[in-house]
Amino acid sequence: MFVLENISKSFGDLQVLKPTNVEFSVGKSTVLIGPSGCGKSTMLRVLVGLIQPDTGTVRFEGEAMTSQTLMAMRRRMGYVIQDGGLFPHLTAFENVSLMAKHLGWDIPARQSRVTELADLTRLPSAALKRYPAQMSGGQRQRVGIMRALMLDPPVLLFDEPMGALDPLVRFDLQEDLLKIIRTLNKTSIMVTHDMGEAGFFGDQVMMLAEGEIVQQGTLDELIHHPANDYVTRFINAQRIPHV
Amino acid sequence: MYKRNTEMTQRTSLATPCMLFLTTRWMLILLATIAINVVAAGRGLSQSKSSNQPVLKIGSKAFTESVVLGELLSHLGRDAGARVDHLSELGGTQILWNALQSGEIDAYIDYTGTIQEEILADAARRGAHVETESEMREELAKRNILMSERIGFNNTYALGMREDVAARLAIRKISDLKNHPELEYGLSDEFMERRDGWNQLASRYGIKTRRIRTMDHNLGYRGLVHDAIQVTDVYTTDAEIQYYKLRVLEDDLQFFPTYYAVLLMRADLQTRAPEVANALLKIQGLIDPVKMSGMTAMVRLDGKNETYVAGDFLNTKLLMQLELPSNTLWAEWRRIADRLLKTTLEHLFLVAVSLTLAILVAIPLGIISARNERVANVLLGVVSVIQTLPSMALLVFMIPLFGLGAVPAIAALFFYSLLPIVRNTYAGLRQIPVATRESAEVLGLDSRSQLRMVELPLALPSILSGIKTAAVINVGTATIGALIGAGGYGAPILTGIRLSSIPLILQGAIPAAAMAVLAQWAFGKLEKKLVSPGLQPQS
């Protein structure tokens, strides 16, 4: 799906991504994890073209990402950020269908697709008429996911999608999201700093530190065969409630 | 010889724009000066005939005598078959003189002292002899301007005091003022700034003063009456001299030049419409000083309008049979209603056109600024500087570019409206959260669509409030358009200042305030309608 060839990025003197080669394969769920500043968000933003790497090439579905190809490529990616990144001046329906409308879909086509997605994400249909300010955080996040899915892209990218939600809402949404990804058989790449979430979603977990991939593998492999002490410390730093 | 002269002074200020920034006096002068006399300008004497009818454009300065003479010329021209346009109460000699040279007006009345001291001052500096009237006439002819023989009165500057005060202090001549440094002076802005004005007068006579206040010429009389000041500058034909029983101090050192009124007319009028040009020349030798101050008194003190007074004079003096505007109460109400309608339409026109143009230009400028910080610094800097120019100065800068009337006023208002809209467009776009902008980008929208579908709708409340601010500023500022013949609510305000008529001032001020409030309200409604409910406070 994505191939990163020799990608690096610096902001000023700080190299946030050291030269990196990595591949994200079709149909797999990958979770990027690591502490703040490790480069995981930068990597995701390179994938959607929000950050131009200093060196190297991003290939999406075999084709090099350039300013000419980027726009068409983005229509084949679904991108979800914290709190949904919705447009406050549009209703949920308008948010979800904005791009389809821009591409010339007629109203019935838009409506039936949005209804289908509302069912899939378990968004109450009454919420479709609401503006973001009138919705709960969980609803906004579901609408954000619907918007990402609208054009049925083969890949979904999540940047800390659950970051703004309280635990119960988060728990339900995680369940639903995993089901959606599995059902639709999407490739997904998610950035999180929550180990539990990483294990829940990721076929493979990619741990980064200081701009480098420290280890990639299943969560099991990271726990039982850590590449170094850092991986162990990061995993053990997650506090689990004792009952 | 007599003391002073009329208001040729303002040209000095106009000629040196840097002064504009320095003097608020200027504003007062111009305000006082203006007021397009819509009433006078051909009410009831509407003139539209065949297209080959000659057009005559008359100008006048913003004091009553000049407006009356302008009306008199209008009557003469109309009687000779011309379609007459009287641009009355223009903001100063420089404006009139430039308008005459450029052909925006064909004729107006000026004064020999003014011609010598102001209009031909440059020629004199370059060595031309303009001491006598025939020398002036010759010099003006080189500029294709014809100067008539004297009209018959000398309206010069003088210093005036209340008769009782002057008698008590035994002041008869200007030199007597030397002995009374305790007197307070209220002098007009023009008089303060003229080459033959106060500074030279004071040094010639050796007058020491404790305090000088500058004020509008017409307010000086009020100040005298209330004893707030004891000495003011007057024009020798002012009706108020008799009315307020003033003593005109003798110019014992013969400081003031003479200011004989003469007609200045474009030479081409004689070839274009000889019968009209000849009709205007009938004004030569027509008016003696008593008649002139009598006519001014009828306007200023009896409340007659200038059209009536000038026509009445011509009917008596030349046995003409001009149709005069009626003086009944009903006719007066009609005139008020007509004026309200006319000034409202003019004002709306100025505001609507300038604001529309400003919106069309300022929003794109705001968008460009929001996309490039360096451009933003330059653009916002430039429009901010424009905003800091006094509106009067900005207006005057437009005259060389656009002449007189609505166009320069619209241009000035346009520049004045830019800043609030540019700034608010910029700010409205800049305040959009990065995540929201990126969400639009990542959807795969091109940048134009991002702007149209996401950024502008989100910035709309800010943009609209910028437009609202611009509209309110614009409605208020448009009143000064009257200074250069653009009409609008400024016209009755400025005429009202000239005639010390509160009712006239209110006829401009109240509708202007109402229009500002209405604009505010209308934009509020528009905001409710245009801005997405998602961006409005939840009820």
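Okay, let's start inside chain A: in helix α3(A), the buried residues are Ala92(A), Phe93(A), Glu94(A), Asn95(A), Val96(A), Ser97(A), Leu98(A) and Met99(A). By "buried" I'm using a count: a residue is buried if 20 or more other C-beta atoms lie within 10 Å of its own, exposed if 12 or fewer, and partly exposed in between, with the C-beta atoms placed from the backbone. And "helix" here is a DSSP run of H or I, at least four residues, while a strand is a run of E, at least two, both numbered from the N terminus.

Before I go on, a word on what we're looking at. This is a predicted model, where local features need pLDDT of at least 70 and side-chain atom pairs count only at pLDDT 80 or more, while totals for chains, interfaces and linings use all residues. Residues are numbered from 1 along each chain as its sequence is written, and chains are lettered from A and ligands numbered from 1 in the order in which they are written.

Back to α3(A). It covers residues 92-102, and 8 of its 11 residues are buried, so the helix is largely enclosed by the rest of the structure. What do those buried residues pack against? In chain A, α4 (107-121) and α5 (137-149), together with α23 (447-477) of chain B. Packing here goes by contacts: two residues are in contact if their C-beta atoms, placed from the backbone, lie within 7 Å. Just after the helix, have a look at Gly104(A), which takes a positive phi of about 95°.

Now to another helix in chain A. Lys40(A) is found in α1(A), residues 40-47. Is Lys40(A) buried or exposed? It counts as buried, because it has 28 C-beta neighbours inside 10 Å. Leaving out residues up to four places away in sequence, Lys40(A) touches Leu32(A), Ile33(A), Gly34(A), Val191(A) and Leu208(A). Lys40(A) also lies 14 Å from Ile81(A), C-alpha to C-alpha, with their positions 41 residues apart in sequence.

Next, the sheet in chain A. It's an open sheet of 6 strands with mixed pairing, in the order β6-β7-β8-β3-β9-β10. At the edges stand β6 (77-81) and β10 (212-217) of chain A, each with a single partner strand, so one side of each has no neighbour in the sheet. From one strand to the next, the twist averages 15°; that uses axes, lines fitted to C-alpha atoms (for helices over the stretch in contact), with angles from 0 to 180 degrees between N-to-C directions. Elsewhere in that order, β3(A), residues 29-33, and β9(A), residues 204-209, pair in the parallel sense over 4 bridges. Pairing means that DSSP finds at least two bridges between the strands. If you want a spot to click on, Thr30(A) stands opposite Gln204(A) in β9(A).

Over to chain B. Its secondary structure comes to 25 helices and 11 strands, and 52% of its 539 residues are buried. Along its principal axes, the C-alpha trace spans about 85 × 60 × 50 Å. Of the contacts in chain B between residues at least 6 apart in sequence, 80% join residues at least 24 apart.

Chain B is divided into domain 1 (54-154 + 259-326), domain 2 (157-248) and domain 3 (336-533), with the bounds coming from an automatic or database domain assignment. The centres of domain 1 and domain 2 of chain B, taken over C-alpha atoms, are 28 Å apart. How many residues does each give to the contact? Domain 1 of chain B gives 11 residues and domain 2 of chain B gives 7 residues. On the domain 1 side, β5 (145-154) and α16 (289-300) of chain B give two or more residues each, and the largest share, 6 residues, comes from α16(B).

One strand worth finding is β6(B), residues 156-162. It is largely enclosed by the rest of the structure, because 6 of its 7 residues are buried. Strand β6(B) runs antiparallel to β9(B), residues 231-235, joined by 4 bridges, and there Gly160(B) has Thr232(B) as its bridge partner. Strand β6(B) also pairs with β10(B), residues 246-248, in the antiparallel sense over 3 bridges, with Arg162(B) opposite Leu246(B).

Last stop, where the chains meet: 19 residues of chain B are in contact with 19 residues of chain A. On the chain B side, α22 (434-442) and α23 each supply at least two residues. That's the α23(B) we met at the start, packing with the buried residues of α3(A).
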